[in-house]
Amino acid sequence: MLRKAAAFLSVYYAHMTVYRGEILFWLLSGLAPFFFMAIWVEAARHGLTDREPLAFARYFLFIFVARQLQVVWVTWTLSEEIKNGLFAFKLLQPLDPFWHYLAQHLAERGVRLPMILVLLAVFLWLYPGALVFSGWGPLFLGLLASLLGFLLNFFVAYALGLLALWLEEATDLYEAWYVFFMLFSGYLAPLDLYPAPVREALFWTPFPHLAYLPASLFAGAQVERAGLAFLALILWTLLFYLVSHWLWKRGLKRFSAMGA
Amino acid sequence: MSVVVADRLTKVYRVAEKAPGFAGTLRHFFARRYKEIVAVKDVSFELEEGEIVGFLGPNGAGKTTTLKMLTGLLYPTAGRAEVLGFRPQDRKPAFLKQITLVMGNKAQLLWDLPVLDTLRINAAIYEIPEAEYRERVRRFAELLELEDVLTQPVRKLSLGQRMKAELMAALLHHPRVLFLDEPTLGLDVNAQSAVRDFVRTYARENGATVLLTSHYMADIEALAERVIVIHEGRLLFDGGLKALLARFAPYKEVRLELSTPADPGTLAGFGEVVEARGPVARLLVEKTRLTEAVARILAELPVRDLAVEEPPLEDAIGRVFREGRVA
């Protein structure tokens, strides 16, 4: 098992370094939180909220980090490989293809991480004081929430990608998920600024826990009902794991019946 | 015991039909119609351990569908497939570790990385011990003359080198049963020959069973003593190459070199004209009238040289398919 993991991660890391340019551009395309940050910092400077400008800078910086740690593209890969027939080769191997896709994502994170660190350094230079160390506890919990968020995103994207076994095009479905993420995760504005009933309604959806939870933990902010938020994240991850597992079984039956 | 069993294998696809244009699109959306396409119908054969069998048929005959059923990628609609005692569609790891499928038109190598990286992944997947892996890579690279290119990105390799590398990746785990679907597709003569030699050597050294489809009859002639022919999803022939020719090509080819060219009309009086180029001509003559035809040719034409040979296998098979002579 360890040998498999080592071979997969090292080879796919090499594979991802080939695409370092694309990964950099992809990372730069995810700079939207910094634009929202500029807006909210300006609003704070004009006294439109009761928060300090630096608090917004800190929050959106960590929204960016949390998002970067959770980027997935498995819907696209699965959809392509199902259409062009490469999926069949993976089915001929005595190993669940899931591990190929997961290893590719983990290896990509190894290439993306140094780029994130460079961007953080630039940010620190522009906004001294925004990057704080809130202690090992919040950092660990922030990383844990990001990891769970990555897994949830991965299982959602995997389940949607498997729909390519039924549909002609599955990639657009993940875009729909991303729109909900943008609106309800705290990506556009800190969720504590949303009206209380909206916050309450969103709490048991997966979205707030993908961005707001890890970003707030990283920033050392007070997170209400953090335990329950983790529980919701775990339950959603589990649910989408089961959904993807079910779709895998059903999809393979269909693939084996219909071909591709 | 047979290594591969196809017992009345049948595969029927249900395909949606769509008329062109806007109306067709609307109808397709609201009242979709389906039609059933029989890709393979009641195909039965068995392969013994160590056999190399050619699997022939024109495009759309059902060859690839049959291979996909035997490798477990497709469920049969009816009938039974069994490979090495396993039901292929169960895709048990113990089964998958003993088979391979090579498709000449699909690549499993990682495009941007050296061949060795794909091999490393495969070695890990198939749990090949490190020393064994190195030895197999060395041996395969030597046989395929790939030693110098294993560290080059796949995209930089020639088509022939890529196909050889595909074979390396597909056979690294030493499968007992090889399903090869057009492995020499698009390759030049030298690369085709290298691939054929490699498959033959591998099969001999490992006692592997091979089911090979190819449009290049040279592949079949070089590798297979037995051929299975399917046409429109049905088994047409299963037997030796010579028996195939005797049954479907009851002709001999008469090659002529004349001192002065003869017009095709005159040549047609002796047999079917396959080629007439200046003083050189090739005729197909039925075996039963061969003696009489040769005697007439020698008497009536200014013959400088005459040879009687078996017709090329592709001509014989091509005629079978063109004439639709399904048994």
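The following conversation discusses a predicted model with chains A and B.

Trainee: What ipTM and pTM does the predictor give the complex?

Mentor: The complex receives an ipTM of 0.84 and a pTM of 0.85 from the predictor.

Trainee: And what is the average pLDDT of chain B?

Mentor: Chain B has an average pLDDT of 87, and 98% of its residues score at least 70.

Trainee: Which elements of chain B have the lowest and the highest mean pLDDT?

Mentor: Helix α12(B), residues 313-323, has the lowest mean, at 70, while α3(B) has the highest, at 95. As a general caution, predicted coordinates should not be read in detail where pLDDT is low.

Trainee: Turning to chain A, how many helices and strands does it have?

Mentor: Chain A has 12 helices and 0 strands.

Trainee: How does the radius of gyration of chain A stand against the globule rule?

Mentor: The radius of gyration of chain A is 20 Å, and the globule rule gives 18 Å for 260 residues; the two are close, so chain A is as compact as a globular protein of that length. Along the principal axes, the C-alpha atoms of chain A fill a box of roughly 65 × 40 × 30 Å.

Trainee: What percentage of chain A is buried?

Mentor: Of the 260 residues in chain A, 38% are buried. In addition, among contacts in chain A with a separation of 6 or more, 77% are between residues 24 or more positions apart.

Trainee: How many residues are in contact between the two chains?

Mentor: On the chain B side there are 22 residues, in contact with 21 residues of chain A. The elements of chain B that give two or more residues to this side are α2 (63-71), α3 (93-96) and α4 (115-125).

Trainee: Which of them gives the largest share?

Mentor: The largest share comes from α4(B), with 5 residues. By class, the side of chain B that touches chain A has 12 nonpolar, 3 polar and 7 charged residues.

Trainee: On to the sheets of chain B: what is the strand order in the open sheet of 3 strands?

Mentor: The order is β2-β1-β4 in chain B, and the pairing is antiparallel. β2 (33-47) and β4 (78-83) of chain B are at the edges with a single partner strand each, so one side of each has no neighbour in the sheet. On average, neighbouring strands of this sheet are turned by 30° against each other, direction ignored.

Trainee: How many bridges pair β1(B) with β2(B)?

Mentor: There are 11 bridges between β1(B) and β2(B), in the antiparallel sense. Leu9(B) stands opposite Val43(B), which belongs to β2(B).

Trainee: Which helix lies across that sheet?

Mentor: Helix α2(B) lies across β1, β2 and β4 of chain B, and runs at about 115° to β1(B).

Trainee: What about the order in the open sheet of 6 strands?

Mentor: The order there is β5-β6-β7-β3-β8-β9 in chain B, with mixed pairing. The edge strands, β5 (99-103) and β9 (234-240) of chain B, each pair on one side only. Neighbouring strands of this sheet are turned by 15° against each other on average, direction ignored. Within the sheet, β6(B) runs parallel to β7(B), residues 209-213, and 5 bridges join them. Val177(B) has Thr209(B) in β7(B) as its bridge partner.

Trainee: Which strands of chain B form a hairpin with 2 residues between them?

Mentor: These are β11(B) and β12(B), and Gly278(B) in the turn has a positive phi of about 60°. The strands run antiparallel and are joined by 5 bridges, with Arg277(B) partnered by Val280(B) in β12(B). β12(B) also pairs with β10(B), residues 251-258, in the antiparallel sense over 7 bridges. Arg255(B) stands opposite Arg282(B) in β12(B).

Trainee: Where is Arg8(B), the residue with a positive phi that is not a glycine?

Mentor: Arg8(B) lies in strand β1(B), residues 4-17, and its phi is about 50°. Arg8(B) counts as partly exposed because it has 14 C-beta neighbours inside 10 Å.

Trainee: Is Glu182(B) buried or exposed?

Mentor: Glu182(B) counts as buried because it has 20 C-beta neighbours inside 10 Å. Glu182(B) also has a positive phi, near 55°, and sits in the loop between β6 (177-181) and α7 (189-206) of chain B.

Key. Residues are numbered from 1 along each chain as its sequence is written. Chains are lettered from A and ligands numbered from 1 in the order in which they are written. This is a predicted model: local features need pLDDT of at least 70, side-chain atom pairs count only at pLDDT 80 or more; totals for chains, interfaces and linings use all residues. Two residues are in contact if their C-beta atoms, placed from the backbone, lie within 7 Å. Helices (H or I, at least four residues) and strands (E, at least two) are DSSP runs, numbered from the N terminus. Ala, Val, Leu, Ile, Met, Phe, Trp, Tyr, Cys and Pro count as nonpolar, Asp, Glu, Lys and Arg as charged, and the others, Gly among them, as polar. Two strands pair if DSSP finds at least two bridges between them. A residue is buried if 20 or more other C-beta atoms lie within 10 Å of its own, exposed if 12 or fewer, and partly exposed in between; C-beta atoms are placed from the backbone. pLDDT is the predictor's confidence in each residue, from 0 to 100. The radius of gyration is taken over C-alpha atoms; the globule rule is 2.2 Å times the number of residues to the power 0.38. Axes are lines fitted to C-alpha atoms, for helices over the stretch in contact, and angles run from 0 to 180 degrees between N-to-C directions.
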